[in-house]
Amino acid sequence: PKSPPLYHISGDLMTRMIYKEIYLDRCYFKHGITLEGVKDPFILDIGGNTGFFSRWCAETFPTGRVHVAEPIPLLQQCIDANTKEFKGRVTLHKCGISNERSSARSEEH
């Protein structure tokens, strides 16, 4: 079956590079990093961007759970769209991750 489209920000030059890194090069699973043999992987996607990695993990590991953190509302919308078929296995946390408690504002251009 054909996969649904990947949602991204129109005009974002990084989209092709990120797609290539995740879907073609599998760059996050090199240098001995593997989930092979892990029955129900628990995956953290910190700084989820558009959700490409979260979606790839949900597609690749059908019994896994993914928790994705992203503080920027526009990117959260992309994550929601890219992972909607995996609700229950992909959880979006609308926040950033830091080693200290703080707040910050983001500006969309």
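This report walks through the strands, helices, core and cysteines of one predicted model.

## Ground rules

Residues are numbered from 1 along each chain as its sequence is written, and side-chain values use heavy atoms, with hydrogens and water left out. Because the model is predicted, local features need pLDDT of at least 70 and side-chain atom pairs count only at pLDDT 80 or more, while totals for chains, interfaces and linings use all residues.

Helices (H or I, at least four residues) and strands (E, at least two) are DSSP runs, numbered from the N terminus. A residue is buried under 20% relative accessible area, exposed over 50%, and partly exposed in between (1.4 Å probe, protein chains only).

## The strands

Start with β1 (42–46). In a regular strand the side chains alternate between the two faces of the sheet. β1 shows this alternation. I43 and D45 point to one face and are buried. F42, L44 and I46 point to the other face and are not buried.

β1 pairs with β2 (at least two DSSP bridges are needed for pairing). The two strands run in the parallel sense, over five bridges. F42 stands opposite R65 in β2. D45 has V68 of β2 as its bridge partner. β2 also joins β3, again parallel, through four bridges. Here H67 stands opposite T91 of β3. β2 is mostly covered, with four of its five residues buried.

## Two crossovers

Helices link these strands. β1, α2 and β2 make a right-handed β-α-β unit. β2, α3 and β3 make a right-handed β-α-β unit too. Right-handed means that, with the strands pointing away from the viewer, the path from the first strand over the helix to the second runs clockwise.

## The helices

How much of α2 is buried? Seven of its nine residues are, so the helix is mostly covered. They are F52, F53, S54, R55, W56, C57 and A58. These buried residues pack against α1, β1, β2, α3 (73–83) and β3. Contact here means heavy atoms within 4.5 Å.

In α3, the buried residues include L75, Q76, C78, I79, N82 and T83. They cover an arc of only 160° around the axis, which puts them on the same side of α3. The arc is that of the directions from the helix axis to the C-beta atoms. An α-helix has 3.6 residues a turn, so residues three or four places apart point the same way. The cover over the buried residues of α3 includes α2, β2 and β3.

## The core

The largest nonpolar core holds 16 residues. Such a core is a set of buried Ala, Val, Leu, Ile, Met, Phe, Trp, Tyr and Cys residues joined through side-chain atoms within 4.5 Å. I22, I43, F53, W56, C57 and V90 touch the most other members. Two or more residues come from each of α1 (14–24), α2 (52–60), β2 (65–69) and β3 (90–93). α2 gives the largest share, five residues.

Which residues does W56 touch, not counting residues up to four places away in sequence? The partners are I22, Y23, R26, F29 and F61.

## Two unusual loop residues

Most residues other than glycine have a negative phi, and most peptide bonds are trans. R26 has a positive phi of about 50°, although it is not a glycine. H31 has a positive phi of about 60° and is not a glycine either. R26 lies in the loop between α1 and β1, and H31 lies in the loop between α1 and β1 as well. R26 counts as partly exposed, at 42% relative accessibility. H31 counts as exposed, at 80%.

## The cysteines

How many disulfides does the structure hold? Zero. A disulfide is a pair of cysteine sulfur atoms within 2.5 Å. For C57, the closest cysteine sulfur is in C27, 11 Å away, so that is too far for a bond. C57 is buried, with a relative accessible area of 1%.

C95 also lacks a partner, because the closest cysteine sulfur, in C78, is 17 Å away and too far for a bond. C95 is partly exposed, with a relative accessible area of 31%.
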